[in-house]
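Me: Got a minute to walk me through this one? I'd like to go over the charges first and the strands after that.

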Amino acid sequence: MMTTTIGRASVAAVTSMLVAMAGSATAADVLPGTDVAAMADHAVATLAAAGHQADLTFTLSGALRGTTGETGYESTSTLIVRQTVISPRRAIGTAIQKRAADDKGTPTPPVQIVRFDDRIYMSGGRYDGETVWVRPMGQPMMNPADPVFRLPRSSQLVGLAAVAGEPGPYVRLRAQIGDFMALAFARSLHLGKSDLPADQNAATNGTRFENRTIDLVIDPVDGHLVETAAQLDLAVDLNLVSDWGSPITGDQVIKVTSRFVPSRVGAVSASIRRPTSAITLATSRQNENHDAVAQTLLGDASSAMTSAYLKYKTYGVSLKELSNLAPRIKWVTRKAAQARHRQVELVWANDTGYLVAIRSASGKLFTSKGRGDTSVTRNRCTFKGRSCRAWG
């Protein structure tokens with residue numbers, strides 16, 4: 001969350017303008033010459049300074065669009081956050097996610113998200129307090145105090161103007177989300193063929209924004225923010241986000257809608273402490289990458305074991321032979337083979353089966369077991385003696 005400082009003269013001018021508006025016949029229309037940027041910043045700064053409780057509903061839909069306009073492979077995810085923000089540096093939220101395409105809209109268990117001294121912590125997962133968030137939701141949504149789609153400053157917007165003739169007692173200001181703000185959100189989606197910075201930067205810089213409208217609804221009586229609603233539609237060339245081995249035509253299209261509604265503004269008495277059983281969001285992302293490296297190495301090891309069986313009719317081959325079959329792996333027979341050193345442990349192997357293992361830098365232990373003349377393996381993951389999510 002960001003706050004905007006307004007000098008005494010500006011505050012007086014805004015207050016006078018609000019009083020005049022409150023007494024006008026059409027309260028939803030602003031007076032000619034009104035500084036709507038100051039009006040917006042005043043509403044945002046007032047909310048930020050006072051602390052607040054609010055609800056955020058954030059929906060992200062993705063699809064592939066062909067060159068003739070047809071779409072397919074559509075999926076939708078909705079995130080509902082109930083949040084308490086004490087200050088720009090400390091906030092807490094409870095998030096529930098619904099993924100319509102994956103599990104028929106069944107909500108996931110609530111996840112607690114805490115911002116404490118500029119770090120974001122997550123807790124409420126199945127094991128050891130860790131939750132790895134579904135990537136397409138975007139990192140800014142994990143932060144209850146993040147300004148994106150909640151409390152934007154006028155400097156982040158383009159063409160801010162009042163919507164004339166808006167029914168009801170409130171003033172609606174409409175603008176386009178600025179380039180920097182829109183690109184920052186696109187970057188948070190981790191678009192790209194891979195996690196390599198070059199791929200992600202190419203996809204982000206190649207994003208085309210087809211709609212990026214945001215509304216700020218303000219009460220003209222006291223100038224407080226009633227609602228922030230946004231619509232962001234973007235498209236990225238499939239060649240920038242998909243590595244399918246051959247040129248492909250079309251776009252990946254993503255539609256974002258959000259609605260942020262403060263429900264109580266004023267002194268928020270709840271205390272926020274640094275979580276003891278949670279991990280930071282940055283650590284969660286880093287662990288996810290570490291685990292992907294370990295799983296890839298273990299997959300290569302299983303393929304090498306299968307190749308050995310097809311060649312020698314046994315899994316019980318030497319480490320030297322395995323090194324010839326999979327030279328990128330450093331094969332060892334001791335425990336705690338480390339993925340960061342490209343090591344894989346050959347736990348045991350005989351004529352009919354094998355077991356290989358690797359430890360990720362995240363601390364998770366991954367194992368693969370194979371038996372008979374089949375390439376089908378049984379993959380397991382454990383962390384501190386407890387089972388973690390399946391893989392492969």
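Reply: Sure, one term first: buried means under 20% relative accessible area, exposed means over 50%, and partly exposed is in between (1.4 Å probe, protein chains only). This is a predicted model, where local features need pLDDT of at least 70, side-chain atom pairs count only at pLDDT 80 or more, and totals for chains, interfaces and linings use all residues. Residues are numbered from 1 along each chain as its sequence is written, and side-chain values use heavy atoms, with hydrogens and water left out.

Me: OK, so is Arg-259 buried, exposed or partly exposed?
Reply: Arg-259 is partly exposed, with a relative accessible area of 46%.

Me: And what does its side chain meet in a salt bridge?
Reply: Arg-259 meets the side chain of Glu-227, at 3.0 Å from N to O. A salt bridge here is a side-chain nitrogen of Lys or Arg within 4 Å of a carboxyl oxygen of Asp or Glu. Arg-259 sits in strand 10 (residues 251–265) and Glu-227 in strand 9 (residues 225–237), so the pair ties together parts 32 residues apart in sequence. Glu-227 is buried, at 14%.

Me: You say strand 9 and strand 10, but how are strands numbered?
Reply: From the N terminus: helices (H or I, at least four residues) and strands (E, at least two) are DSSP runs.

Me: How many salt bridges does the count come to?
Reply: Twelve. One of them joins Arg-172 and Asp-215, with the closest N and O atoms 3.0 Å apart. Arg-172 is in strand 7 (residues 171–177) and Asp-215 in strand 8 (residues 208–218), so that pair ties together parts 43 residues apart in sequence. Arg-172 is buried at 17% relative accessible area, and Asp-215 is buried at 8%.

Me: What about Lys-364, buried or exposed?
Reply: Lys-364 counts as buried, at 2% relative accessibility. The side chain of Lys-364 meets Asp-291 in a salt bridge (3.1 Å, N to O). This pair links distant parts of the chain, 73 residues apart: Lys-364 is in the loop between strand 14 and strand 15, and Asp-291 is in helix 7 (residues 281–312). Asp-291 is buried too, at 4%.

Me: Which residues are linked in a network of salt bridges?
Reply: Arg-65, Arg-208, Glu-210 and Asp-251.

Me: Switching to the strands: what order does the open sheet of six have?
Reply: The order is 12-13-14-15-16-17, with mixed pairing. Strand 12 and strand 17 (386–387) are at the edges, each with a single partner strand, so one side of each has no neighbour in the sheet. Two strands pair if DSSP finds at least two bridges between them.

Me: In which sense do strand 12 and strand 13 pair?
Reply: Parallel, over three bridges, with strand 12 covering residues 330–332 and strand 13 residues 343–349. Val-332 has Glu-345 in strand 13 as its bridge partner.

Me: And from strand 13 onwards?
Reply: Strand 13 pairs antiparallel with strand 14 (residues 353–359) over four bridges, and a hairpin of three residues joins the two. Strand 14 and strand 15 also run antiparallel, joined by seven bridges.

Me: Last one: which residues gather in the positive patch on the surface?
Reply: Lys-369, Arg-371, Arg-378 and Arg-380. Patches are made of residues with over 30% relative accessible area and no salt bridge, with like charges joined within 9 Å and nonpolar side chains (Val, Leu, Ile, Met, Phe, Trp, Tyr) within 5 Å. Strand 15 (365–371) and strand 16 (377–383) each supply at least two residues of the positive patch. Arg-378, in strand 16, counts as exposed at 54% relative accessibility.

Conventions
Areas by Shrake-Rupley, 256 points an atom, 1.4 Å probe, with all protein chains shown as cover. Lys, Arg positive; Asp, Glu negative; His and termini not counted. Charge placed at Lys NZ, Arg CZ, Asp CG, Glu CD.
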